[in-house]
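Trainee: Could you take me slowly through one part of this structure? I would like a close look at one sheet, and then some idea of how that part sits within the whole.

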Amino acid sequence: VFITRKVPEETVKPLEDIATVHMWSSEEEPVPPDVLLEEAKHADALYTMLSERIDDSLLEQADNLKVIANLAVGYDNIDISAATKRGIAVCNTPDILSDTTADLTFSLLMATARRIVEAAQYIKNDQWKNWSPLLMAGTDIHHKTIGIVGMGRIGSAVAKRATGFDMEILYHNRSRKREVEDQLGATYASFDQLIQKSDYVVCLAPLTDETRDMFNQETFSKMKSSAIFINASRGQVVDETALYEALSNQVIAAAGLDVFREEPIASDHPLLGLDNVVALPHIGSASLETRYGMANLASRNIAAVLSGRTPEAIVNDSVLTS
Ligand code: 8YV
């Protein structure tokens, strides 16, 4: 088993009973592509992160590979059809991270609306010399309209949190979700209706050919000028140049971003220079409880496949029967 990042030792123990485990242990440097390829050529299992691209040319040389376990619910870093055609199982870590990611998404929405980061920096910079009625005045969250794009497990958990703030909930998704309509009072909207009516446009959609660049100059221009855009899914759903223009020219009011097109982003990234942006380093699922839970699940997924059992979370289950 080759693990592409340093994960907690204790979560790897069950794997060490059944396999030889190699782990890339540098906290500073990602695994170089040539090391990944060399390890992949001999490995029965790859334990990967979003940062590693697992493409057809790598898989072609990975003759022994039986399973790839991603430490993420998303798997857009892996060529699923190339893995499936070679009978390689691709596993992920769904469910366990939904509430934690929803907590972060809602925190980001609140931090952006109420200017929490800007205000905390203001006081630390010793700028708080006086008080005025509109000092660091933000915008309300309660009783506003939230539009959730991507009503999957994380989207539903965000909608649930929004009910506690008496928000009106709109959602857009590939398919209607009757349970969020019946249980949380959410209303289905077309993408255009949602972006036009929402005070908070929250993207939780996976990266697919349909969602790539779905937030662009045209979509930002249709949003309210008071709208706040929150992205906790994938950076590639956003045209960042268009977002920068929209935020600089008050086409929309603010953005809270946990994800970027190229991660990690450089400190001179234009979006970081804007006061109306709250930026986070892709920490949606980063609570200790959840990251340990995800790591244990990734190990269990690998152990299951290598022992001929059905893993708890598999993306391409057709390989189990083929
Ligand atoms: C990742 C995520 O797990 O699960 C996902 O799809 O985006 C995150 O929770 C995290 O960035 C580690 O790869």
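Mentor: What follows looks at one sheet and then moves outward to the rest of the protein.

Please keep in mind throughout that this is a predicted model. The sheet I have chosen is an open one, in which five strands lie in the order E2-E1-E3-E4-E5 with parallel pairing. In general, the strands of a sheet pair through backbone hydrogen bonds, and the pairing may be either parallel or antiparallel. At the edges of this sheet you will find strand E2, residues 22–23, and strand E5, residues 89–91, each of which pairs on one side only.

Now go to the pair formed by E3, residues 45–48, and E4, residues 67–70, where the two strands run parallel and are joined by four bridges. Within this pair, Leu-46 has Ile-68 of E4 standing opposite. Helix H12, which covers residues 288–306, packs on this sheet and touches E3, E4 and E5, while the direction of the helix makes about 170° with that of E4.

With that picture in place, we can turn to the ligand, whose surroundings include Met-49, Leu-50, Leu-71, Ala-72, Val-73 and Gly-74, together with Leu-97, His-282, Gly-284 and Ser-285. Sorted by class, the residues of this shell are six nonpolar and four polar, with no charged residue.

To place the sheet in the protein, notice that the chain is divided into domain 1, made of 2–94 + 287–321, and domain 2, made of 98–279. The C-alpha centres of these two domains lie 31 Å apart, and where they meet, five residues of domain 1 are in contact with five residues of domain 2. On the domain 1 side of that meeting place there are one nonpolar, three polar and one charged residues.

There is another open sheet to set beside ours, with seven strands in the order E8-E7-E6-E9-E10-E11-E12 and parallel pairing. The edge strands there are E8 (187–188) and E12 (277–279), each pairing on one side only. Inside that sheet, strand E9, residues 200–203, runs parallel to strand E10, residues 228–231, and four bridges join them, with Val-202 standing opposite Ile-230 in E10.

Stepping back to the whole protein, the secondary structure comes to 13 helices and twelve strands. The radius of gyration is 21 Å, close to the 20 Å that the globule rule gives for 322 residues, so the protein is as compact as a globular protein of that length. Along its principal axes, the C-alpha trace spans about 65 × 45 × 35 Å.

Technical notes: Residues are numbered from 1 along each chain as its sequence is written. This is a predicted model: local features need pLDDT of at least 70, side-chain atom pairs count only at pLDDT 80 or more; totals for chains, interfaces and linings use all residues. Two strands pair if DSSP finds at least two bridges between them. Domain bounds come from an automatic or database domain assignment. Two residues are in contact if their C-beta atoms, placed from the backbone, lie within 7 Å. Ala, Val, Leu, Ile, Met, Phe, Trp, Tyr, Cys and Pro count as nonpolar, Asp, Glu, Lys and Arg as charged, and the others, Gly among them, as polar. A residue is near a molecule or strand if its C-beta atom, placed from the backbone, lies within 6 Å of it. Axes are lines fitted to C-alpha atoms, for helices over the stretch in contact, and angles run from 0 to 180 degrees between N-to-C directions. The radius of gyration is taken over C-alpha atoms; the globule rule is 2.2 Å times the number of residues to the power 0.38.
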